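Reader: I would like the labels on this model justified one at a time. Please set each value against its cut-off before drawing a conclusion.

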Amino acid sequence: AESPARMEMQNHHAAPRLKQTPLTELVNYMDAQTYTTMRLQGPDPTKPSQLRAQGAQDAWGNVWQELERCPPPDIQHRKKLEVGLHKYFQSASMSMSHDGPLLSSISQSSVEQYHK
């Protein structure tokens with residue numbers, strides 16, 4: 001059986017897309033203006049913390065291209081490598097897409113709830 005990453009690659013000829021934390025899961029931690037702006041326009045290109053998840057996708061794409069370029073000496077180990085790398089980059093993408101927007105836009109009300 002082929003790895004999910006390889007099957008998607010064969011279908012799309014590109015690195016599999018990494019999942020990101022949905023913005024709707026962050027709404028309670030962001031001020032309304034920032035949330036609305038990010039929902040309508042996407043991440044602010046002037047705020048690197050908001051672009052980190054895309055950086056994970058770009059890095060994964062570069063790794064994927066190298067894997068495709070180099071023939072595997074051992075198919076079984078290559079599949080394990082692909083799955084492991086995909087899990088690593090997926091985890092990074094989820095973490096950065098969750099934490100990045102919060103770093104630049106934590107709402108005052110969400111901070112106040114932790115002050116006693």
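Author: Start with threonine 21, in the loop that runs between α1 (4–12) and α2 (32–41). Keep in mind that the model is predicted.

Reader: Why is threonine 21 called buried?

Author: Its relative accessible area is 12%. Buried means under 20%, so threonine 21 is counted as buried.

Reader: What makes the approach of threonine 21 to the backbone oxygen of methionine 94 a polar contact?

Author: A polar atom of the threonine 21 side chain lies 3.0 Å from that oxygen of methionine 94. The limit for a pair of N or O atoms is 3.5 Å, with one able to donate a hydrogen and the other to accept it. The distance falls within that limit, so the pair qualifies on distance.

Reader: Which residues does threonine 21 touch, leaving out those up to four places away in sequence?

Author: Threonine 21 touches Leu26, Met94, Ser97 and His98.

Reader: How confident is the predictor in the chain, and which elements have the lowest and highest mean pLDDT?

Author: The chain has a mean pLDDT of 78, with 74% of residues at 70 or more. By element, α1 has the lowest mean, 50, and helix α3 (residues 48–69) has the highest, 86. Where pLDDT is low, the predicted coordinates should not be read in detail.

Reader: What is the secondary structure of the chain, and how much of the chain is buried?

Author: There are five helices and zero strands. Of the 116 residues, 32% count as buried. The chain exposes about 7900 Å², of which carbon and sulfur atoms supply 55%.

Reader: How many aromatic pairs are found in the whole structure?

Author: The search finds three. One of them joins tryptophan 60 and tryptophan 64, at 5.4 Å centre to centre and 55° between the planes.

Reader: Why is the pair of tryptophan 60 and tryptophan 64 called tilted?

Author: Ring centres must lie within 6.5 Å to pair, and 5.4 Å meets that. Planes under 30 degrees apart count as stacked and over 60 as edge-to-face, with the rest tilted. An angle of 55° fits neither of those two classes, so the pair is tilted. Both residues lie in helix α3, four residues apart, about one turn of the helix.

Reader: Are tryptophan 60 and tryptophan 64 buried or exposed?

Author: Tryptophan 60 has a relative accessible area of 0% and tryptophan 64 has 1%. Both values are under 20%, so both residues are buried.

Reader: What makes the pair of tyrosine 88 and phenylalanine 89 edge-to-face?

Author: Their planes stand at 85°, with the centres 5.2 Å apart. The angle is over 60, so the pair is edge-to-face.

Reader: How do you know whether tyrosine 88 and phenylalanine 89 are buried or exposed?

Author: Tyrosine 88 is at 55%, and exposed means over 50%, so tyrosine 88 is exposed. Phenylalanine 89 is at 10%, under the 20% limit, so phenylalanine 89 is buried. Trp60, Trp64, Tyr88 and Phe89 form one aromatic cluster.

Reader: Why is glutamine 57 called buried?

Author: Glutamine 57, in helix α3, has a relative accessible area of 6%. That is under 20%, so the label is buried.

Reader: What does glutamine 57 touch, not counting residues up to four places away in sequence?

Author: Glutamine 57 touches Ala15, Pro16, Arg17 and Leu18. The C-alpha atoms of glutamine 57 and leucine 18 are 6.2 Å apart, although 39 residues separate the two along the chain.

Technical notes: Residues are numbered from 1 along each chain as its sequence is written. This is a predicted model: local features need pLDDT of at least 70, side-chain atom pairs count only at pLDDT 80 or more; totals for chains, interfaces and linings use all residues. Side-chain values use heavy atoms; hydrogens and water are left out. Helices (H or I, at least four residues) and strands (E, at least two) are DSSP runs, numbered from the N terminus. Buried means under 20% relative accessible area, exposed over 50%, partly exposed in between (1.4 Å probe, protein chains only). Contact means heavy atoms within 4.5 Å. pLDDT is the predictor's confidence in each residue, from 0 to 100. Accessible areas come from the Shrake-Rupley method with a 1.4 Å probe; for residues, only the protein chains shown count as cover. Rings of Phe, Tyr and Trp (its six-membered ring) pair if their centres lie within 6.5 Å; planes under 30 degrees apart count as stacked, over 60 as edge-to-face and the rest as tilted.
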